[in-house]
Amino acid sequence: MDKITFRNTKEFIASLKDGKYAIYSIKQNKFITDYMFDKISYIPSGNYFVVKQNDDIYLVDNNGKRKDFPKLNPNNCFLAEVLCHYRFREGLHAISNGEKVGVITQTGKLVVPYMYKVIRQYSEGLFSVTTFDNQEGYIDKDNNVIIPFGEYTSCSCFKDGKALVNSKEQGKVY
C-alpha cells in the first residue's frame with residue numbers, strides 16, 4: 001500500500017493499492033472510501049475530492065459520500081485537472097462539459113448553463129465570458145447579462161471595481 005499526501009490538506013491521504021485509490025481521513029482515523037478510484041484530486045476550496053472511477057467522474061465529500069456533477073462528459077480530460085487550475089470563488093466555479101462552459105456551486109449544482117466558449121474566474125460578483133461568436137461581456141452568478149456583449153474585444157476579471165477591457169470601436173484598452 002502506497003500513501004500519497006494531498007497538497008493543501010493534512011487531514012486526508014490517498015492510498016494506492018493494486019492500481020486503485022482510496023481516501024483515508026487522518027482526523028477520523030479510518031478510510032472513508034474503498035479502493036475504487038483510477039484518479040483522485042483534492043479541491044481544498046470546495047472541501048471535496050474529484051474522482052474518476054472507470055468512465056465516471058464525480059465529487060466525493062469529506063465523509064466519503066458521492067456528489068454528482070450535472071451533465072458531465074466523461075470523455076473530457078480528467079476533471080480535477082480543470083478544477084485544480086481554478087479554485088472555487090465565493091462558492092462558484094466555471095466548468096466544461098467538453099463542448100461548452102457553465103458554472104457550478106461547491107455542491108455541484110449547475111447555476112449557469114453550459115452555453116459559453118470561455119468563462120473566467122468569478123470576481124466582484126461577475127464572470128467575464130466569451131460567446132461562441134467571440135463576443136465578450138459580463139454575467140452574474142444567475143446568468144443575467146450585466147455588461148452587454150459586443151462592446152469589447154477582450155474583458156478581464158474585476159479587481160477593486162475595475163477591469164481591463166479592449167474597446168471594439170475605439171481600439172483602446174481601458
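1. Aspartate 38 is partly exposed in this predicted model, its relative accessibility being 26%. That value falls in the intermediate class because buried requires under 20% and exposed requires over 50%. Lysine 20 is also partly exposed, at a relative accessible area of 25%.

2. Aspartate 38 and lysine 20 form a salt bridge, and their closest N and O atoms are 2.4 Å apart. The two residues are 18 apart in sequence and belong to distant parts of the chain. Lysine 20 sits in strand 3, while aspartate 38 sits in the loop between strand 4 (30-31) and strand 5. Side chains of opposite charge can pair when their charged atoms come close.

3. How many salt bridges does the structure hold? The count is 2. Besides the pair of aspartate 38 and lysine 20, there is one between the side chains of glutamate 136 and arginine 120, with an N to O distance of 3.5 Å. Here too the pair links distant parts of the chain, with the two positions 16 residues apart in numbering. Glutamate 136 belongs to strand 14, and arginine 120 to the loop between strand 12 (118-119) and strand 13 (127-130).

4. Is glutamate 136 buried or exposed? Glutamate 136 is buried, because its relative accessible area of 6% is below the 20% limit. Its partner arginine 120 is partly exposed, with a value of 23%.

5. Threonine 130 lies in strand 13 and is buried, with a relative accessible area of 4%. Both members of the salt bridge just described, Arg120 and Glu136, are among the residues in contact with threonine 130 when neighbours within four places in sequence are left aside. Tyr116, Lys117, Val118 and Gln135 complete that list of contacts.

6. Threonine 131 is placed in the loop between strand 13 and strand 14. At 15% relative accessibility, threonine 131 counts as buried. Its side chain makes a polar contact of 2.3 Å with the side chain of aspartate 133. Not counting residues up to four places away in sequence, threonine 131 touches Tyr116, Lys117 and Phe149. Tyr116 and Lys117 also appear among the contacts of threonine 130.

7. Strand 14 (residues 136-139) is joined to strand 15 (residues 145-155) by 3 bridges, and the two run antiparallel. Within this pairing, tyrosine 138 has isoleucine 147 of strand 15 as its bridge partner. The two strands form a hairpin with 5 residues between them. In the turn, asparagine 143 has a positive phi of about 70°.

8. Strand 15 also pairs with strand 16 (residues 165-167), in the antiparallel sense and over 3 bridges. In this pairing, cysteine 155 stands opposite valine 165 of strand 16.

9. Strands 9, 10 and 11 make up an open sheet of 3 strands, in the order 9-10-11 and with antiparallel pairing. Strand 9 (92-96) and strand 11 (110-116) are at the edges; each has a single partner strand, so one side of each has no neighbour in the sheet. From one strand to the next, the twist averages 25°. Strand 10 (residues 101-105) is joined to strand 11 by 3 bridges, and isoleucine 104 stands opposite leucine 110 of strand 11.

10. Glycine 108 is in the loop between strand 10 and strand 11. Glycine 108 is buried, with a relative accessible area of 5%. Its C-alpha is 7.0 Å from that of lysine 67, although the two residues are 41 apart in sequence.

11. Which residues make up the largest nonpolar core? The core has 12 residues: Phe12, Ala14, Tyr21, Ile23, Ile32, Phe37, Ile40, Tyr42, Phe49, Val51, Tyr58 and Val60. Two or more of them come from each of strand 2 (12-17), strand 3 (20-25), strand 5 (39-43), strand 6 (48-53) and strand 7 (56-61). Another core, of 11 residues, lies apart from it and includes Val103, Phe127, Val129 and Ile139.

Key: Residues numbered from 1 in each chain as written. Predicted model: local features only at pLDDT ≥ 70, side-chain atom pairs only at ≥ 80, totals over all residues. Heavy atoms only, no water. Pairing = 2+ DSSP bridges. Helix = DSSP H or I, 4+ residues; strand = E, 2+ residues; numbered from the N terminus. Axes fitted to C-alpha atoms, helices over the stretch in contact; angles between N-to-C directions. Buried < 20%, exposed > 50% of the residue type's maximum accessible area, 1.4 Å probe, protein only. Core = buried A, V, L, I, M, F, W, Y, C linked by side-chain atoms within 4.5 Å. Salt bridge = Lys/Arg side-chain N within 4 Å of Asp/Glu carboxyl O. Polar contact = N/O pair within 3.5 Å; in protein donor to acceptor, adjacent residues only side chain to side chain. Contact = heavy atoms within 4.5 Å.
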